[in-house]
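Me: I'd like a close look at one helix and at what sits around it. Could you walk me through it, and then add a few other spots in the same model?

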Amino acid sequence: MTRGIGLYVHIPFCASRCPYCDFATAPATTALRSRYLDALDREIAREGEILGRPRARTLFFGGGTPSLLEPAEIQMLGDALRRAFVLRPREVTLEANPATLDRARLEAWLALGLTRLSIGAQSFDPRGLRALGRTHQPEDSAAAVTVARDAALDVNLDLIFGWPGQTIAAWQRDLETAAALKPEHVSCYPLELRLDPDGSIPNWPGGGWPVLERWRRAAAAAQPDDAGIARMYRVAERVLGRAGYRHYEIANWAQHGKRSLHNLGYWRDRDWLGVGAGAHSHLAGARSANPADLRSYISRAESGSERVVDAESDPPSEAAMLALRLDSGLDLERYAARFGDTAATRVRSALREVEPAHLVQVKGHHARLTPRGRLLASEVFVRLLP
Amino acid sequence: MADLAHIRNFCVIAHVDHGKTTLSDRLLETTGTVPLREMRDQMLDSMELEREHGITIKARAVRMTWREHELNLIDTPGHVDFTYEVSRSLAACEGAVLLVDASQGIEAQTLANAYLAVEQGLEVIPVINKIDLPNIDLDVVREELRTTLGFRDQEILLVSGKTGAGVNELLDAIVERVPPPVGDVAAPLRALIFDSHYDAYKGVVAHVRVVDGSLGDHDRIRLFATEKESELLELGVFGPDPRPIARLETGETGYVATGLKAVADCRVGDTLTLASRPATAPLPGYRPAKPMVFAGFYPSNAQDYPLLKDAMEKLRLNDASLIYEPETSQALGFGFRAGFLGLLHLEIVQERLEREYDIDLIATSPSVEYRVITQKGAEVAIDNPALLPDPGTIVEIREPWMKVTVIVPTTFVGPVMELAQTKRASLADMSYVDPTRAMLKYDMPLSEVIVDFYDQLKSSSRGYASLDYEFAEYRPADLVRLDILVAGTLVDALSIITHRERAQQTGRVLVNKLRGLIPKQMFDVRIQAAIGGKVVASETVKAKRKDVLAKCYGGDITRKRKLLEKQKEGKKRMKMVGSVEIPQEAFLAVLRIGDDT
């Protein structure tokens, strides 16, 4: 593993649960917190050993709300990582909730080599934050950007569009406010409301799935329709484009040279290791994952169990989908060289099916989604499945 | 073995739910044919489906003994689709018990079958059943029997199949009133096949009534209509379980394991004779099964076609009335066009295919057989709307009309008449079976009968109306083919033949229905209804605007793929027509047009 791997560390703890969120989460006050962090240390040590202490090219702390960790916890985590891996990353990202990052915590993260702060702004509109069940205030995001700037960190702002009651004008204001803060990177996600419970439900006492389900149903009913969301996406392309951001993945825009190296690893089908509850890994062509439910995760880590392998994974179709998510697209010649003619033929025939609807553009051996295709990517991807 | 004078062959004519099966069981019990401890409820119904539909499809004969007489109870089918089978069962009898539910009164179909029995010269014994029920008015039922069939009060027997009251008297009446069979004992064998079924071990089993001559268990048999010959495997009677015997004599009823492989070789109504000494002429009254309703059967998944083919072949072994031939639809691929005696028959076959053979089916909307007179003077039978020739070449289209009888409480006459009007029916006669119930006779196109008429009739009479119909004649009609185009491609499986006056409205309703059923696709999909190339209605399913999983869940590709797989499963259940995915329900939309025209 000379190229090194991407390393993802999952910190599930949150001050409160955002009702639309599907990640592995748990209350910050959970009694399992220290056991979780111990289990995480143990998993890090074990994986580092199994993989022969590889180099981590990129490091990403996601959640959950990793910015909630205490300085001592951050330091212990850093020590564990340094013992298990060669830490010379080109990029270290921390996901942060606005209003969670204080000076002491930031110092601890900086000591770990932090280069980039990904701020979960979601919206600058108080109605939007309320509609999304967020607890921070619009001005908290700007303050977080200032903190990052002071520490010379690159900034990503996460925005969510298509929340209940959002208008095109409101969305445009959000985008303009975001652009005015001059982050290096912007992610814009349409509000997706899945109606199947995820694995982290048992981590949250009380409430539970029925409450979330009710919220999601109500939100889905009040959301702009697909045509409205499609229009908002076009607005994002226009506003961010004008502000100097280049679109590079379905939901991601960046200034020149500021694309997320860690996330590019996912889309380019590179190797990465994910540690922590609900974390996914892709190593030597195999996909695997940890359980999202803390108790299962901890007991597996304590007993040294393997991650759950995704036996149905189909590397050829997955690689094609991931590559097509990027504006750089899919190089069909290289693809055929990697996966063989059968897989390449399938991809070509899928592309032929969607080409008349202007979802993809194929030039020679190079295929990419059109702006319309980005919005209808599932129509393309579903045809890539074996 | 009994001499002719001591044989009585009879059947029971009754409406569904009027207690025929319970009474039959009681007869078996009272005559000691089945000891009480072996009685199962509903001894005579055998197929699971028949039980669920509450009807008896396959006739069987059961032999009983009462006061030194051999009584053969011949079961009759109880549904309008099987009129011909009923007539053959009646032809095997000299007498019929007309069973009427004391709380329900006589129903249209019962009456039709009773008339059939009278026409065939049977001695009909009127019996009022369920006299144990509270709040019944026997006088009303008596009056019905007087008015409709001219019975005298003293002829009418009262029984309760449930308690057994009056059953002895009924058995006595059968012996006393039903005449013994007449036949030529010395003549060559002529046995009427009134039913046949396929048995996995014995092959085709024919249920016969020996009219002339006799049959031994080593005889070689011959069938008139199909000209098949075979060594018979077994001869026997039902009591009610099969019991082999050595000979069947003149006037007797029993079964013959023919050694034949397909029920189609041994048709109901055909005459069975001896190969060594054949009779010179068959018994009268045979006619081949005449399908009235047609539909296309297609596997939902094209790769299931061999399974469907195999299942259809197996079903045909057991169902001589089921006819089919391979058919190809541009929209649905390879399948079969099948003909049925009626809608119930269609439903039974469809259910058996789905349930017993586990095949996921798409059935196209049912059609009748049209007769098309072309300019060249030829008459062409069309049972698939998609095959209707170019209107320019057609001189005339004829469609089958039925004589429809509805018996309904007088309070519902209005709603029934309104319904009939929407079905192009014309009232031929109206009379009263008793002061509270009217009998309406209509002439009506079969195509209207098969689209929902029975259900609508039931709902406009709170379930009280009963229905009977029989084929009357072919009549010319101003009919056109309504085609459906999806994204400019004609979807043959959605074509229907409809009355010109209503075609445009039907087209609009259908197109609107389809717009709701066809999901959004990658591009706008235009749905059009056209008559002879002229578009009469059009709707558009707007293109899908957004379908993307944008969020990158920490490299969770697995979940994304699973969601896509679910999406793919949904696509699989649809049929690709051109570049458009059409869900199965769309092919049934035609059936439900009636709801909103």
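Reply: Here is a walk through one helix of chain B, followed by a strand, a buried residue and a small sheet.

Keep in mind that this is a predicted model. The helix is H7 of chain B, residues 305-318. A quick sanity check on its geometry comes first: at 1.5 Å a residue, its 14 residues should span 20 Å, and the end C-alpha atoms are indeed 20 Å apart, so the two values agree.

Now for the side that faces inward. Leu308(B), Ala311(B), Met312(B) and Leu315(B) are the buried residues to look at in H7(B). Around the axis they cover an arc of only 100°, which means that they sit on the same side of H7(B). Turn to the other side and you'll find Pro306(B), Asp310(B) and Glu313(B), which are exposed. What do the buried residues of H7(B) pack against? Their partners are three strands of chain B, S17 (293-299), S18 (323-329) and S19 (333-340), plus helix H8 (343-355) of that chain.

Next, a strand elsewhere in chain B. S3(B), residues 69-74, is mostly covered, with five of its six residues buried. It has S1(B), residues 7-14, as a parallel partner over five bridges, and there Arg8(B) stands opposite Leu71(B). With S2(B), residues 61-66, the pairing is antiparallel and runs over six bridges; Ala61(B) faces Ile74(B) in that pair. S2(B) and S3(B) also make a hairpin with two residues between them, and Arg67(B) in the turn has a positive phi of about 45°.

Asn113(B) is worth a stop too. You'll find it in helix H4(B), residues 108-119. Asn113(B) counts as buried because it has 27 C-beta neighbours inside 10 Å, where 20 or more are needed. Setting aside neighbours within four places in sequence, Asn113(B) contacts Ile13(B) and Val86(B). Asp468(B) is 355 residues away from Asn113(B) in sequence, yet their C-alpha atoms are 9.5 Å apart in space.

Last, over to chain A, where three strands make an open antiparallel sheet in the order S15-S17-S16. S15(A), 330-331, and S16(A), 360-363, are the edge strands; each has a single partner strand, so one side of each lacks a neighbour in the sheet. S15(A) pairs with S17(A), residues 366-369, over two antiparallel bridges, and Asp331(A) stands opposite His366(A) there.

How values were computed:
Residues numbered from 1 in each chain as written. Chains lettered and ligands numbered in written order. Predicted model: local features only at pLDDT ≥ 70, side-chain atom pairs only at ≥ 80, totals over all residues. Buried ≥ 20, exposed ≤ 12 C-beta atoms within 10 Å, placed from the backbone. Helix = DSSP H or I, 4+ residues; strand = E, 2+ residues; numbered from the N terminus. Pairing = 2+ DSSP bridges. Expected span 1.5 Å × (residues − 1). Arc of directions from axis to C-beta. Contact = placed C-beta atoms within 7 Å.
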